[in-house]
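Okay, thanks for coming, everyone. I'd like to spend a few minutes on one protein today, so have a look at the screen.

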Amino acid sequence: MTEATLSQRTRRKQVARLGRADQSALGRWFWEIDRLLLILLTVLISIGLLAVAAAAPAAAQRYSGNGVTVAALHYFWRQLAWVVLSVPVMLGISMLPKVMARRLALAGAAFFLVMLALVPLIGVEVNGARRWIGVGLGQFQPSEFLKPLFVVALAWLLSLKQQDRTLPVAQISAALFGAVAVMLMKQPDLGQTVVFAAIWMTLLLLSGVSGRIIGGLVGPALSASSPPICSIRSPPTASTTSSMAKAIPIRSTRPMRRSPAAAFSAPGRGRARRSSSCPRRIPTISSR
């Protein structure tokens, strides 16, 4: 076999590499990856690095002092190191088969859900919030790792509706989200709770769940978490009535006339009046 034939076969193999017929992990990834999403991720990472580089000198100057000097680009280099470590992990996970990726996501979601439950017990308190778990020289936030795994696990759970229409997947997903929301609010972390709520409702809509069911699941939670608009207070005493009369001077020389509505709502003797503490419009009194 001549050298020209060998070089020609090598070229054909190189051309076939990453082609439609290439069934390797890299070949399947090259043709199945969402290139637009990959470009958007690259742009997002670049914007994040630029933002950290712009804010790093001010942060370094702020935390420098008392014999400690922080380099101007210390936080930028640290962010860049995390990007260098995370991008290969992201690409490696994207090359996994769908079944294996789903299994890893379910196992990871269960693990970090347990870690999230342990945060109030073994977590590190920072600025009055307990959201981090210390491991060796560093710390990690379980809710950040749970977020992408929660998406995959919840999407798999909602997809079971296609196999069995009788499965109450919406109710099970609501219970799962409720458990996560309760654990997040114990930290407390309202921002992460809102993010998980948005993820949950978006997946419900994409899975074909009707708006009535979503409203029935979300409505009670919103009504229970919203503060009361008005409250019932005790009837005013003689001292409070006299102080209010002193605060609002009346220059009219004629006696004040009571309207039929006021006379109808006036309490009788021996009856206590329950008045609302909602703000009312104070009537103005003018003499004719």
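I'll start with the overall picture, then go through the sheet, the salt bridges and a surface patch.

First, a caution: this is a predicted model. The secondary structure adds up to eleven helices and five strands. There are 288 residues in the protein, and buried ones make up 19% of them. About 21800 Å² of surface is exposed, with carbon and sulfur atoms supplying 65% of that. And if you take contacts between residues at least 6 apart in sequence, 56% of them join residues at least 24 apart.

Now the sheet. We've got an open sheet of three strands, in the order 1-2-3, and the pairing is antiparallel. Which strands sit at the edges? Those are strand 1, residues 124–126, and strand 3, residues 138–140, each pairing on one side only. Neighbouring strands here are turned by 50° against each other on average, ignoring direction. As a quick reminder, strands of a sheet pair through backbone hydrogen bonds. Strand 2 covers residues 129–135, and three bridges join it to strand 3. If you want a spot to zoom in on, Ile133 stands opposite Phe140 in strand 3. Then there's helix 5, residues 98–122, which lies across strand 1, strand 2 and strand 3. Helix 5 runs at about 110° to strand 2.

On to the charged pairs. How many salt bridges does a search of the whole structure find? Three. Let me take them in turn.

One is between the side chains of Arg130 and Glu125, at 3.2 Å from N to O. Arg130 is partly exposed, because its relative accessible area is 26%, and the buried class is for values under 20%.

Next is Arg131 with Asp189, where the closest N and O atoms are 4.0 Å apart. Arg131 is in strand 2, while Asp189 is in the loop between helix 7 (169–185) and helix 8, so this pair ties together parts that are 58 residues apart in sequence. Are the two partners buried or exposed? Arg131 counts as partly exposed at 28% relative accessibility, whereas Asp189 is buried, at 7%.

The remaining one is Lys147 with Glu144, with 3.4 Å between the closest N and O atoms. Both residues lie in helix 6, residues 142–159, and they're three residues apart, which is about one turn of the helix. Glu144 is partly exposed, with a relative accessible area of 37%.

That pair brings me to Gln192. Gln192 lies in helix 8, residues 190–206, and it's buried, with a relative accessible area of just 8%. What is Gln192 in contact with, leaving aside its neighbours within four places in sequence? The list is Gln141, Ser143, Glu144, Lys147 and Leu184. So both Glu144 and Lys147 from that salt bridge turn up among the contacts of Gln192.

Last stop is the surface. Leu37, Leu41, Leu44 and Met90 make a nonpolar patch of about 340 Å². Helix 3, residues 35–63, gives the most to this patch, with three residues. Leu41 is in helix 3, and it's partly exposed, with a relative accessible area of 30%.

That's my tour; happy to zoom in on anything.

Definitions and conventions. Residues are numbered from 1 along each chain as its sequence is written. This is a predicted model: local features need pLDDT of at least 70, side-chain atom pairs count only at pLDDT 80 or more; totals for chains, interfaces and linings use all residues. Side-chain values use heavy atoms; hydrogens and water are left out. Patches are made of residues with over 30% relative accessible area and no salt bridge: like charges are joined within 9 Å, nonpolar side chains (Val, Leu, Ile, Met, Phe, Trp, Tyr) within 5 Å. Accessible areas come from the Shrake-Rupley method with a 1.4 Å probe; for residues, only the protein chains shown count as cover. Helices (H or I, at least four residues) and strands (E, at least two) are DSSP runs, numbered from the N terminus. Buried means under 20% relative accessible area, exposed over 50%, partly exposed in between (1.4 Å probe, protein chains only). Two strands pair if DSSP finds at least two bridges between them. Axes are lines fitted to C-alpha atoms, for helices over the stretch in contact, and angles run from 0 to 180 degrees between N-to-C directions. Contact means heavy atoms within 4.5 Å.
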